[in-house]
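Please walk me through this structure, beginning with how its strands are joined and moving on to how they are covered.

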Amino acid sequence: MSRNLVASAVRAGLAAFALIAGMSAGEARQAQGFDPSKYSAGTIVISNSERALYLVKRWGGGVVRYRVAVGKTGKRWVGRTEIVGKYVEPDWSPPAAVKRDHPHLPNFIAGGTKANPMGTRAMKLGRGQYAIHGTNRPNSIGTYASYGCIRMRNEDIAELYREVGVGTTVVVVP
């Protein structure tokens with residue numbers, strides 16, 4: 001059996017298990033090899049090298065892993081911050097660095113439109129203009145694609161958005 005067929009079968013099995021167990025697909029993606037004992041319950045940990053976001057669960061223990069897109073070379077960062085705002089279908093204005101590299105972009109893009117790079121949900125981080133947000137470019141997930149923001153599939157950001165609140169600690173590691 002080819003690797004692609006095996007991977008598809010595993011994904012289908014996880015999705016079926018999640019439905020039967022009454023869990024979301026994200027909860028069925030339990031992290032392997034991640035040590036949650038280093039972090040408090042409720043913490044979000046983002047690994048730039050793995051291009052993964054881990055949520056240390058508050059209830060019942062465990063960890064949920066999501067694939068994400070992280071910053072391009074020279075745009076990645078590490079450190080500790082927190083969620084300072086949560087938004088549904090957020091508007092977007094390109095930061096100066098993005099506008100400088102892409103002068104054709106409009107100064108403002110309304111939330112909920114296909115042209116808006118923030119996707120369906122965003123959680124602003126207390127570290128400048130960065131956010132954990134959805135994307136209308138799901139093919140970018142798993143890559144080094146952003147100017148420092150953390151991109152998630154819209155389905156995944158909606159799930160994470162429900163799980164965490166303003167004040168949640170976010171730790172970004174190399």
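**Strands, turns and a covered helix**

In this predicted model, β2 and β3 form a hairpin with 6 residues between them, and within that turn Gly60 has a positive phi of about 80°. The two strands of this hairpin, β2 and β3, the latter spanning residues 63-67, run antiparallel and are paired over 5 bridges. One of the pairings can be followed at the level of residues, since Tyr54 has Arg65 as its bridge partner in β3.

Strand β2 also takes part in a second hairpin, this one with β1, in which 4 residues lie between the strands and Arg51 adopts a positive phi near 50°. Strand β1, which covers residues 44-47, is antiparallel to β2 and is joined to it by 4 bridges. Here, too, Tyr54 is a useful residue to follow, for in β2 it is the bridge partner of Val45.

With its partners in place, β2 can be considered for its surroundings. The strand comprises residues 52-56, and 5 of its 5 residues are buried. Both of its faces are covered, with Ala52, Tyr54 and Val56 buried on one side, and Leu53 and Leu55 buried on the other.

A helix offers another mostly covered element to examine: α4, made up of residues 154-163, has 7 of its 10 residues buried. These buried residues are Asn154, Asp156, Ile157, Ala158, Glu159, Leu160 and Tyr161. As background for reading such a list, an α-helix has 3.6 residues a turn, so residues three or four places apart point the same way.

Notes. Residues numbered from 1 in each chain as written. Predicted model: local features only at pLDDT ≥ 70, side-chain atom pairs only at ≥ 80, totals over all residues. Heavy atoms only, no water. Buried < 20%, exposed > 50% of the residue type's maximum accessible area, 1.4 Å probe, protein only. Pairing = 2+ DSSP bridges.
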